[in-house]
Amino acid sequence: MKGYTSDKIRNIVLLGHQGSGKTTFLEAGLLNTKVISRLGKVEDGNTVSDYEKMEIEKGFTISQTIVPVEFKGTKLNFIDTPGFFDYAGEAKAALSTGAAAVIMVDASAGVQVGTEKAFELVKEYNAPTFFIINKIDKDNINVDNVVSAIQSQFGSACVTLDDRDALEEAIASADEELMEAYFENGGLTDEQFAQGLGLGINSGDVMPIFKMSAVSGEGIEDVLDSLCKYVPKPEEYVTATKEDGDLKCDPNGDLVLYIFKTLADPFLGKISYAKVVSGTLKPGADLYNPRSEKAEKLGSVFFVRGKNQEMADSVAAGDLVALGKLQFTKTGDTLCSKAKQVEVVEINFPKPCFFVAVEAADKNEDEKMAQGLIKLMEEDPTFVLERNAETHQTLLGGQGDMQLNIIKAKLKDRYKVDVVTVPQKIAYRETIRGTSDVQGKHKKQSGGAGQYGDVHIRFSPSQEPGLEFSEELFGGSVPKNYVPAVEKGLLECMEKGPLAGCKVQNIKAVLYDGSYHEVDSNEVSFKIAASLAFKKGIVEANPVLLEPIMKLDITVPADYVGDVIGGMASIRGTMLGQDQAGSNIVVHAEAPQSELFDYAIKLRQMTQARGSFTLEFSRYDVLQPNLAEKVIAAYKKEQEEK
């Protein structure tokens, strides 16, 4: 695999519904260019793109792969991406390279949910877009109907290249001068047509539709030829930077690399996929990472095709390359000259909306589990690892159950750690709804010096989130130097309430009286006296459990709004309103955290995977008495067992 000049490079992201034939399309391209001698099959686990052990076992793409196809002097850098919705982050990372997008459509299935989601993504990134209708050789296929479905769903800009009239109309509507020529002359010259087609594709006003069969090879040469002609060259892109500037793809410019994917191989070490945004890359280059503020000396630089690697002597701007064992660099980072620092706008990864609690099957391997998960996070930044300080649970968060199950499987396969899912605990809170006036008295006599502390405290609800403490002492009933000890004793008790051992909040405590002993009183005695008063006072002030309430913003097509609203009762949810967002509706709601553990799966089923949502903490609210009784009973049982 030789190096190519920038004008001979085309970068293309493959998108589409699971099973539409993206990986097989690449096999057809490699077979046509004689890189492989026979067509690999996903089900046989022998394709160039899906080479990871987990992908071979599962029979589908899990992470993006670079597969160049060298066709008639042009290098088509394809980035194969997963079709499953849990892996939308992989597609986003690939599109962040500024590549064009090819959306694969299964001729026998037509426009599917994954087709729609792929189109939403390319619009988000303003990527020049092409459609390939694949599997046209299947029985009972009406390709014209599929073309019509694409046009109906995504607009009249979607046109087949063999429909000159429709193409001319789409081209003309994208440019005023061409529109004028079109109406004046009743059409466009070949020169105007070629110029306008390039402009239209680049701007998204024209989205060509190709037809082919990856399995039989029918149409593959025409598709590759058209992609060479019509996919914009790297020099036609500019890359946005955090400094509100744009980087041009100039092989003679300052060297800038953008890392769009990291592989954490337990044997080969870390491998980083990079786009050479500007300049020309050679092995041994000294670069700087502005985010980590660390220098990186590049070692291995190689081209990749699936798992196959080939050393690269020189890589021109616009090309995609792999870098070995970067120390301080992760996905989304920029490498550049320290003297001329610049940072490419980082990837807008989807936030986790599905969480599970996990622990190592062998309690002695908790640390090993954590280290393995941290390594896997380098490879997949769309999942998070959290340690809940209150529940003492380790939480994995991602886009869905498939993604998290694959992560657990990788952990076992690569790092030999067996992980089990356990019931997720809720970080409840405790507070009071009434008032109390109590005495806390600590008196202890033993041989030598004794202990004596005596406090009278009024407890009531507070608007302050934690403890609102004050004193109204008179006559020296409690010396001023012991007041801080009383407050400290109360604060320590706020960590563990009397109902279910949860943190206590919104408490007002007024120290108004007490007594002391000139010899036996000390700070420890008054801390203990305060804790006795707290435990007694909270119980007498109508204590209640509070549960965390989350705010949901649920984005769905209008057809599913009724189902989403109707499903609120099943999650004890409350509607807050809704807004229009393009062709979708955003439903605003609130619901208890305990009801949302599997909401990602419910919403996917409810909306045929067309819905998505974001989640953030809103507030704490009183837990229903019948549910509170269960939480308290479970806590008491746990304490008895201990």
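These questions and answers set values from a predicted model against the definitions behind the terms.

Q: Why is the aromatic pair of Phe-131 and Phe-154 called stacked?
A: Rings pair if their centres lie within 6.5 Å, and planes under 30 degrees apart count as stacked. By this rule the count comes to 12 aromatic pairs. For Phe-131 and Phe-154, the values are 5.5 Å centre to centre and 20° between the planes. Both values meet the cut-offs, therefore the pair is stacked.

Q: Which parts of the chain does this pair link?
A: Distant ones: Phe-131 is in strand S5 (residues 129-134) and Phe-154 is in helix H5 (residues 143-154). The two residues are 23 residues apart.

Q: How do you know whether Phe-131 is buried or exposed?
A: Buried means under 20% relative accessible area. Phe-131 has 0%, so Phe-131 is buried.

Q: What about Phe-154, buried or exposed?
A: Phe-154 has a relative accessible area of 11%. That is under 20%, so Phe-154 is buried as well.

Q: Why are the rings of Tyr-599 and Phe-613 called edge-to-face?
A: Planes over 60 degrees apart count as edge-to-face. The planes of Tyr-599 and Phe-613 stand at 80°, and the ring centres are 5.2 Å apart. The distance is within 6.5 Å and the angle is over 60, so the pair is edge-to-face.

Q: Where do Tyr-599 and Phe-613 lie?
A: Tyr-599 is in helix H15 (residues 599-606), and Phe-613 is in strand S33 (residues 612-622). The pair links distant parts of the chain, 14 residues apart.

Q: What makes Tyr-599 count as buried?
A: Its relative accessibility is 2%, under the 20% limit. Phe-613, at 7%, is also buried.

Q: Which residues form one aromatic cluster with Phe-131?
A: Phe-119 and Phe-154 join Phe-131 in one cluster.

Q: How do you know that Lys-117 lies over the face of Phe-85?
A: The charge must be within 6 Å of the ring centre and within 35 degrees of the ring normal. Lys-117 is at 5.7 Å from the ring centre, and Lys-117 lies over the face of Phe-85.

Q: What distance places the charged end of Arg-458 over the ring of Tyr-512?
A: The charged end of Arg-458 is 4.7 Å from the centre of the Tyr-512 ring. That is within the 6 Å limit.

Q: What makes a space a cavity, and how many are there of 30 Å³ or more?
A: In a cavity a 1.4 Å probe fits but cannot get out. The structure holds 4 cavities of 30 Å³ or more. The largest has a volume of about 110 Å³.

Q: Which helices each supply at least two residues of the lining of the largest cavity?
A: Helix H10 (366-379) and helix H11 (401-415) do. H11 gives the largest share, 3 residues. Lining residues include Tyr-87, Lys-261, Phe-383 and Lys-410. By class, the lining has 6 nonpolar, 1 polar and 5 charged residues.

Q: Which residues are closest to the centre of the largest pocket?
A: The pocket has a volume of about 1,400 Å³. Of its 46 lining residues, Lys-117, Glu-120, Arg-610, Gly-611 and Ser-612 are closest to the centre. Elements giving two or more residues include helix H4 (113-124), H5, H15 and S33. H4 supplies the largest share, 8 residues. The lining divides into 22 nonpolar, 14 polar and 10 charged residues.

Q: Which element gives the largest share of the lining of the second largest pocket?
A: Helix H16 (residues 625-641) does, with 7 residues. About 830 Å³ of space lies in this pocket. Its lining holds 11 nonpolar, 6 polar and 11 charged residues.

Q: Why is strand S18 (residues 320-324) called largely enclosed by the rest of the structure?
A: 5 of its 5 residues are buried, so S18 is largely enclosed. Leu-320, Ala-322 and Gly-324 are buried on one side, and Val-321 and Leu-323 on the other.

Q: How do you know that strand S11 (residues 269-278) pairs with S18?
A: Pairing needs at least two bridges. S11 and S18 have 5 and run antiparallel, so they pair. Tyr-273 stands opposite Ala-322 in S18.

Q: In which sense does strand S15 (residues 301-305) pair with S18, and over how many bridges?
A: S15 and S18 pair in the antiparallel sense over 2 bridges. Here Phe-302 stands opposite Ala-322.

Notes: Residues are numbered from 1 along each chain as its sequence is written. This is a predicted model: local features need pLDDT of at least 70, side-chain atom pairs count only at pLDDT 80 or more; totals for chains, interfaces and linings use all residues. Side-chain values use heavy atoms; hydrogens and water are left out. Rings of Phe, Tyr and Trp (its six-membered ring) pair if their centres lie within 6.5 Å; planes under 30 degrees apart count as stacked, over 60 as edge-to-face and the rest as tilted. Helices (H or I, at least four residues) and strands (E, at least two) are DSSP runs, numbered from the N terminus. Buried means under 20% relative accessible area, exposed over 50%, partly exposed in between (1.4 Å probe, protein chains only). On a 1 Å grid over the protein atoms alone, a cavity is a set of points where a 1.4 Å probe fits but cannot get out, and a pocket is an open set with protein on both sides within 12 Å along at least five of seven lines; lining residues have an atom within 4 Å of a point. Grid points are joined across faces, edges and corners, and a volume is the space filled by probe spheres set on the points. Ala, Val, Leu, Ile, Met, Phe, Trp, Tyr, Cys and Pro count as nonpolar, Asp, Glu, Lys and Arg as charged, and the others, Gly among them, as polar.
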